[in-house]
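The following exercises are to be solved with the sequence and the three-dimensional structure at hand. Each task is followed by a solution in steps.

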Amino acid sequence: MIDYQLNTRLNGNLAMTFCFHENKALQQDTTLYKFIWVRSGNLTLEIDHIPIQLEQDEIISLTPLQHIEIKSVEGEYLTFLFNSNFYCDEVSCNGFLFHGSSRVMKLKLSPEQSANLNDIIRIFRQESAVRDNLQEEMLRIILKRFIITCTRIAREKCGVTPEQEKAFDIVRRFYILVDQHFREKKQVQDYADLLFRSPKTLSNLFASCGVPSPLRIIHERVEAEAKRLLLYTPKSAKEISELLGFEDLSTFSRFFKKMTGESVSDFRKSNTTGNIAN
């Protein structure tokens, strides 16, 4: 059952459901950003083939790139979904809550934070029943409020102080640039040039913010894309190495083995049963 879904004239899509695991259409829509929030009990799922357990008042955010499979539901959870045609504003969440690596940020809500998000959901459900020409814009505003609230919670979790805001904004922009250019740019210097910083400055700044090193972020993004292509497409290792911008198959194979501890063929053999798309 979908509690609410809106499709706009410009192919914008917004949905809120308590039964995401029962809706094949939403599961198969590869354009949707997602918030998954366990309201009671627990939820077991796999994201990019990695098992994750969510307990009450834990929430995660996922991009359209991340493959999700619900394994078990014991309790109640809410899924808030939208595509970039419905909402694409910069609210300091892109590259922070949402980025293309397989690293998932899990937020544990305090009672006050949970109450704040519940208030937003309550307003959303009220407005979704109002059928007029202002509804779409109102729902867009409510979604923005939900995203900003989650961004603030995540910033608090990461210990972002007012003094660190500029530094975290550079980290966020770095993630965005890596998502855009990881196939052709694999050196920290490439992104340092785009951010008008030196590689050393970036490394020091990332360390002060408690996030992985710039080079690690680049490598994890390439690794995540390689795994998705191996898990969910029938492309050969050679095709994947070319798509990811490697000089040749052997260079890609060495990189993959170093990152995962497995050869490309062993990883695909042990993980892709029934996953490769037709």
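**Exercise 1. Aromatic pairs**

Task: State how many aromatic pairs a search of the whole structure finds, and classify the pair formed by Phe 80 and Phe 124.

Solution.
Step 1. The search of the whole structure, which is a predicted model, gives 15 aromatic pairs.
Step 2. For Phe 80 and Phe 124, the ring centres are 5.0 Å apart and the planes meet at 80°. Rings pair if their centres lie within 6.5 Å, and planes over 60 degrees apart count as edge-to-face. The pair of Phe 80 and Phe 124 is therefore edge-to-face.
Step 3. Phe 80 belongs to strand 6 (residues 68–83) and Phe 124 to helix 2 (residues 111–128), so the pair ties together parts that are 44 residues apart in sequence.

**Exercise 2. The surroundings of the pair**

Task: Decide whether Phe 80 is buried or exposed, decide the same for Phe 124, and name the residues of the aromatic cluster.

Solution.
Step 1. Buried means under 20% relative accessible area.
Step 2. Phe 80 has 0% relative accessibility and is therefore buried. Phe 124, at 1%, also counts as buried.
Step 3. One aromatic cluster is formed by Tyr 4, Tyr 33, Phe 35, Phe 80, Phe 82, Phe 98, Phe 124 and Phe 146.

**Exercise 3. Charges over rings**

Task: Describe the position of Arg 140 relative to Phe 86, and give its further contacts.

Solution.
Step 1. Arg 140 is part of helix 3 (residues 135–157).
Step 2. Arg 140 lies over the face of Phe 86, at 4.5 Å from the ring centre.
Step 3. The side chains of Arg 140 and Glu 136 make a polar contact (2.4 Å).
Step 4. When residues up to four places away in sequence are not counted, Arg 140 touches Asn 85, Phe 86 and Tyr 87.
Step 5. In another part of the search for such arrangements, the charged end of Lys 186 is found over the ring of Phe 246, 5.1 Å from its centre.

**Exercise 4. Cavities**

Task: Which residues line the largest cavity, and which helices each supply at least two residues of its lining?

Solution.
Step 1. There are 2 cavities of 30 Å³ or more in the structure.
Step 2. The largest cavity holds about 40 Å³ of space.
Step 3. Its lining consists of His 99, Gly 100, Ser 101, Tyr 175, Val 178, Asp 179, Ile 217, Glu 220 and Arg 221.
Step 4. At least two lining residues come from each of helix 4 (165–181) and helix 7 (214–232).

**Exercise 5. Positive phi angles in loops**

Task: Locate Asp 48 and Phe 196, and decide for each whether the residue is buried or exposed.

Solution.
Step 1. Asp 48 is not a glycine, yet its phi is positive, at about 50°. The residue lies in the loop between strand 3 (32–47) and strand 4 (50–55).
Step 2. With 6% relative accessibility, Asp 48 counts as buried.
Step 3. Phe 196 is likewise not a glycine and has a positive phi of about 60°. Its place is the loop between helix 5 (188–195) and helix 6 (199–209).
Step 4. Exposed means over 50% relative accessible area. Phe 196 has 72% and is therefore exposed.

**Exercise 6. Sequence and space**

Task: What are the separations of Gln 180 and Leu 97 in sequence and in space?

Solution.
Step 1. Gln 180 is located in helix 4, and its relative accessible area of 48% makes it partly exposed.
Step 2. Gln 180 and Leu 97 are 83 residues apart in sequence and 16 Å apart in space, C-alpha to C-alpha.

Technical notes:
Residues numbered from 1 in each chain as written. Predicted model: local features only at pLDDT ≥ 70, side-chain atom pairs only at ≥ 80, totals over all residues. Heavy atoms only, no water. Phe/Tyr/Trp six-rings, centres within 6.5 Å; stacked < 30°, edge-to-face > 60°. Helix = DSSP H or I, 4+ residues; strand = E, 2+ residues; numbered from the N terminus. Buried < 20%, exposed > 50% of the residue type's maximum accessible area, 1.4 Å probe, protein only. Lys NZ or Arg CZ within 6 Å of the ring centre and 35° of its normal. Polar contact = N/O pair within 3.5 Å; in protein donor to acceptor, adjacent residues only side chain to side chain. Contact = heavy atoms within 4.5 Å. 1 Å grid on protein atoms, 1.4 Å probe; cavity = no way out; pocket = protein on both sides within 12 Å on 5 of 7 lines; lining within 4 Å. Points joined across faces, edges and corners; volume = space filled by probe spheres on them.
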